[in-house]
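Me: I'd like to go through a structure with you and ask why things get the labels they get. Here it is.

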Protein chains: 2
Amino acid sequence: MLDNVDKQILGLLQKNAKLTIKELAEELNLTTSPIFERIKRLEKEGVIEGYVALLNPERVGKGQVVFCNVSMPIYTKENIENFENIVRSMPQVLECYHLAGLVDYQLKVYVKDIKEYDDFLKQLAEIQIVKVHSSAVVLHDVKYSTVIQID
Amino acid sequence: MLDNVDKQILGLLQKNAKLTIKELAEELNLTTSPIFERIKRLEKEGVIEGYVALLNPERVGKGQVVFCNVSMPIYTKENIENFENIVRSMPQVLECYHLAGLVDYQLKVYVKDIKEYDDFLKQLAEIQIVKVHSSAVVLHDVKYSTVIQID
DNA sequence: AGTGAAATGACCCGAGA
DNA sequence: TCTCGGGTCATTTCACT
């Protein structure tokens, strides 16, 4: 479904979405037309989900990342839907995963500082159906990337 | 340092980096020149770190996310540097954070399936300076976003 | 699936307020 | 900092291979 040229295009666009079709064409020894059509196909098929600008969290006043682990004591379909919808609507939460592990959910939260995280925990506490199990404060980023390895 | 127009531009570009300067200008009731110059300024100042294409992990054969928690028993500067450099070079690891918590590091790993995660763990085991403490398999994504809330 | 060329439209940079 | 306007270059389409 993805040939070698597709994979190369995806690899390059994951690193830099501002590459022009012309630059991609030169890199892959093709003309602009096939590159253009392949990209359109990959977008339409949903392989490419979108193009975004990545910001420096510190420069926009959200330099503190905290992972919040929560459990759901009464594990019903309704509670799950309810909680997941609330989480999706919280802008501080950039990622949330339902885990098979010691806790039910892990939330990645972007805040200005620990004080702001405290405010967030109070918001979470209002959702009666989950309990905060633990929080892990990030000391520093070792790696942050959005590039998925395609083999 | 960031005025209201900057914040609006950043908010829009975080959601869709393919918006044209013209479209941004119309949205914010300005002409193209100030929008163009503000974006260039935000890029130069490092507020905007880059533009990337986001892919659908399943569509590229990396639909399984696993969190890997590791600890570093002998906690020296050399071991830290060493481990962090190895992690940064591993393409399966998209994110890695040094935590203040029960474990020292958390790695977010993208793999095809659990078998491939097993291979990854074997690679990690070769690094003698860290010990895998636990793994948490993702059952499903509740939320994945790269959009940082700017207030 | 690819090339090449032509039209459409975006980017970018002045001059001026 | 903004508007306006124009030159340059990338995107997009199409006829052909």
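Me: Which residues are around DNA strand C?

Reply: Keep in mind that this is a predicted model. From chain A you get L30(A), T31(A), S33(A), P34(A) and R38(A). Chain B brings T20(B), I21(B), K22(B), T32(B), S33(B), F36(B) and K40(B). On the DNA side, sugar and phosphate make up 74% of the atoms of strand C that come within 4 Å of the protein.

Me: What makes T31(A) and a phosphate oxygen of DNA strand C a polar contact?

Reply: A polar side-chain atom of T31(A) is 2.3 Å from that phosphate oxygen. The cut-off for a pair of N or O atoms is 3.5 Å, so this pair counts. I21(B) also has a phosphate oxygen of strand C, 2.9 Å from one of its polar backbone atoms.

Me: And how do you know that S33(B) has a polar contact with a base of DNA strand C?

Reply: An N or O atom in the side chain of S33(B) lies 3.3 Å from a base nitrogen of the strand. That is within 3.5 Å, so it passes too.

Me: Which helix gives the most to the surface near DNA strand C?

Reply: That's α3(B), with 4 residues. At least two residues each come from α3 (32-44) of chain A and from α2 (21-27) and α3 (32-44) of chain B. Sorted by kind, the surface has 4 nonpolar, 5 polar and 3 charged residues.

Me: Let's move to N56(A). Why is N56(A) called buried?

Reply: Its relative accessible area is 18%. Buried means under 20%, so N56(A) gets the label. You'll find N56(A) in the loop between β1 (48-55) and β2 (64-71) of chain A.

Me: What does N56(A) touch beyond its neighbours within four places in sequence?

Reply: G46(B), V47(B) and E49(B). With E49(B) there is a side-chain to side-chain polar contact of 3.2 Å. Within chain A, the side chain of N56(A) reaches the backbone nitrogen of E58(A) at 3.0 Å.

Me: One more: what makes you say that K18(A) sits over the ring of Y51(B)?

Reply: The charged end of K18(A) is 3.7 Å from the ring centre. The distance limit is 6 Å, so that part of the test is met. The other part is an angle within 35 degrees of the ring normal, and the pair is listed as sitting over the ring. K18(B) likewise lies over the face of Y51(A), at 3.7 Å from the ring centre.

Key
Residues numbered from 1 in each chain as written. Chains lettered and ligands numbered in written order. Predicted model: local features only at pLDDT ≥ 70, side-chain atom pairs only at ≥ 80, totals over all residues. Heavy atoms only, no water. Buried < 20%, exposed > 50% of the residue type's maximum accessible area, 1.4 Å probe, protein only. Polar contact = N/O pair within 3.5 Å; in protein donor to acceptor, adjacent residues only side chain to side chain. Contact = heavy atoms within 4.5 Å. Near = heavy atom within 4 Å. Nonpolar A, V, L, I, M, F, W, Y, C, P; charged D, E, K, R; others polar.
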